[in-house]
Amino acid sequence: MKKSITLSIAGVIAVVATAFFLAQQDDGHRHHASAVPVDLTANVLDLTAEREVTLKIEDMAYSSPVIRVKRGTKITWVNNDSTKHDIRADDGSFRTASIGRGESASATFRKEGVFRYHCHPHPFMQGTVIVEG
Ligand SMILES: [Cu+2]
């Protein structure tokens, strides 16, 4: 009886030690991953075949928040909320007027790059346009 208890305690210690080791490995992995730039290919809507793109603003969010377009594409946002919104580049490279329900605003992307934008009154509303050559 005593022997079997000792054995099972040893077993538990072994399991805990293994779990700790795996957790450390896992943690190391996460640190490594966070050093790598965010993978934008995960949920990107490919609109590179379009010359003009219309996106909606609904329920305090931009529809299709991450899109890929060709250089020269005109993007129009239509606001379906009763709240006014705008579209502003995080780096200040473009900014639209504040638009109310049923109104729209456009921006043409002539430079390649990754353009993150947000709504000035509601900074939690965010989107990204990836412009390809
Ligand atoms: Cu807004």
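These are my notebook entries on a predicted model, covering confidence, sheet pairing, the nonpolar core and two single residues.

**Confidence**

I began with the pLDDT. The protein chain averages 80, and 68% of the residues score at least 70. I then looked at residues 4-36, where the pLDDT is below 50. Beyond near neighbours in sequence, that stretch has 0 contacts in the model. I draw no local detail from it.

**The open sheet**

I traced an open sheet of 4 strands next. Its order is 3-2-5-7, and the pairing is mixed. Strand 3 (61-62) and strand 7 are the edges, each pairing on one side only. Inside the sheet I checked strand 2 against strand 5. They run parallel and are joined by 6 bridges. One pair I noted there is Leu-55 with its bridge partner Trp-77 in strand 5.

**Strand 9 and its partners**

I followed strand 9 to two partners. Strand 4 runs parallel to strand 9, with 5 bridges between them. Here Ile-67 stands opposite Val-129 of strand 9. Strand 8 runs antiparallel to strand 9, joined by 6 bridges. On that side I found Tyr-117 opposite Gly-127 in strand 9.

**The largest nonpolar core**

Which residues touch the most other members of the largest nonpolar core? Of its 15 residues, they are Val-69, Ile-75, Trp-77, Ile-87, Phe-109, Val-129 and Val-131. I then listed the elements that give two or more residues: strand 2 (52-58), strand 4 (66-70), strand 5 (73-79), strand 7 (104-109) and strand 9 (126-132). Strand 9 gives the largest share, 3 residues. Trp-77 thus turns up twice in my notes, in this core and as the bridge partner of Leu-55. Val-129 also recurs, in the core and opposite Ile-67.

**Ile-87**

I picked Ile-87 from the core for a contact check. I left aside its neighbours within four places in sequence. What remains is Trp-77, Thr-96, Ala-105, Ala-107, Tyr-117 and Cys-119. Of these, Trp-77 is another of the core residues listed above, and Tyr-117 is the residue opposite Gly-127.

**Gly-113**

I closed with Gly-113, which lies in strand 8 (residues 113-118). Is Gly-113 buried, exposed or partly exposed? It is partly exposed, because 13 other C-beta atoms lie within 10 Å; 12 or fewer would make a residue exposed, and 20 or more buried. I also checked Gly-113 against Ile-130. The two are 17 residues apart along the chain, and their C-alpha atoms are separated by 5.9 Å. Strand 8, which holds Gly-113, pairs with strand 9.

Key:
Residues numbered from 1 in each chain as written. Predicted model: local features only at pLDDT ≥ 70, side-chain atom pairs only at ≥ 80, totals over all residues. Core = buried A, V, L, I, M, F, W, Y, C linked by C-beta atoms within 7 Å. Contact = placed C-beta atoms within 7 Å. Pairing = 2+ DSSP bridges. pLDDT = per-residue confidence, 0-100.
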